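Visitor: I would like a close look at a single part of this protein, namely the way its charged side chains pair with one another. Please take me through the pairs slowly, and then show me what the nonpolar side chains do.

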Amino acid sequence: MRLLKGTLDILVLKTLSWSAKHGVEIITWLEERSGGQLAVDDGALYQALHRLEERGMVAADWGVTANNRRARYYRLTATGRTYLRAESSSLMNYAQTLLTILGSRPGHG
């Protein structure tokens with residue numbers, strides 16, 4: 001399943017709300033939580049991370065992975081956490097509205 005335009009940023013922020021992660025961990029977390037339904041492109045992920053970093057929503061530090069490789073670990077900032085709360089609420093309301101409309105039957109309402 002492809003991601004809807006504009007949703008990757010919020011999904012990345014949600015992923016980082018639990019702990020700092022490097023790119024592969026972010027992709028793995030999203031794929032696991034979606035039951036394998038979402039496929040996240042590496043290029044799109046790193047574009048989103050750079051965009052979020054420029055906006056001050058994530059910060060990055062170099063670290064070492066479990067495989068003893070150097071990687072950038074991204075973490076949520078206070079600005080990112082505030083944005084995540086607001087956008088999550090908005091997206092959930094929107095999704096609920098879509099479910100209501102798509103689940104309606106002719107002649108009802």
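Guide: Arg33 and Glu32 are both exposed, and in this predicted model their side chains meet in a salt bridge with an N to O distance of 3.5 Å. A second pair joins Arg72 to Glu53, where the nitrogen and oxygen are 2.8 Å apart. Arg72 belongs to strand β2, residues 70-76, while Glu53 belongs to helix α3, so this salt bridge ties together parts that are 19 residues apart in sequence. Arg72 is partly exposed, with a relative accessible area of 26%, and for Glu53, likewise partly exposed, the value is 26%.

Helix α3 enters the picture again through Arg51, which forms a salt bridge with Asp9, the closest N and O atoms being 2.7 Å apart. Because Arg51 sits in helix α3 (residues 42-54) and Asp9 in helix α1 (residues 8-16), the pair links parts of the chain that are 42 residues apart in sequence. The two partners can also be described by their accessibility: Arg51 is partly exposed, with a relative accessible area of 32%, whereas Asp9 is buried, at 9%, a value that lies under the 20% limit for that word. The pairing of Asp9 and Arg51 does not stand alone, since Arg55 is linked with both residues in a network of salt bridges. With a cut-off of 4 Å between the side-chain nitrogen and the carboxyl oxygen, the count for the model comes to five salt bridges. As a general matter, side chains of opposite charge can pair when their charged atoms come close.

The nonpolar side chains can be followed through some of the elements already named. The largest nonpolar core has 20 residues, and the members that touch the most others within it are Val12, Leu13, Leu16, Ile26 and Leu45. At least two residues of this core come from each of α1, α2 (23-33), α3, β1 (58-64) and β2, and α1 provides the largest share, with five residues. Helix α1 therefore holds Asp9 of the salt bridge to Arg51 and also supplies that largest share of the core. Leu13 shows how such contacts reach along the chain: leaving aside residues up to four places away in sequence, Leu13 touches Leu52, Met57, Val58, Leu76, Gly80, Tyr83 and Leu84. In soluble globular proteins, nonpolar side chains tend to be buried together.

Definitions and conventions. Residues are numbered from 1 along each chain as its sequence is written. This is a predicted model: local features need pLDDT of at least 70, side-chain atom pairs count only at pLDDT 80 or more; totals for chains, interfaces and linings use all residues. Side-chain values use heavy atoms; hydrogens and water are left out. Helices (H or I, at least four residues) and strands (E, at least two) are DSSP runs, numbered from the N terminus. Buried means under 20% relative accessible area, exposed over 50%, partly exposed in between (1.4 Å probe, protein chains only). A nonpolar core is a set of buried Ala, Val, Leu, Ile, Met, Phe, Trp, Tyr and Cys residues joined through side-chain atoms within 4.5 Å. Contact means heavy atoms within 4.5 Å.
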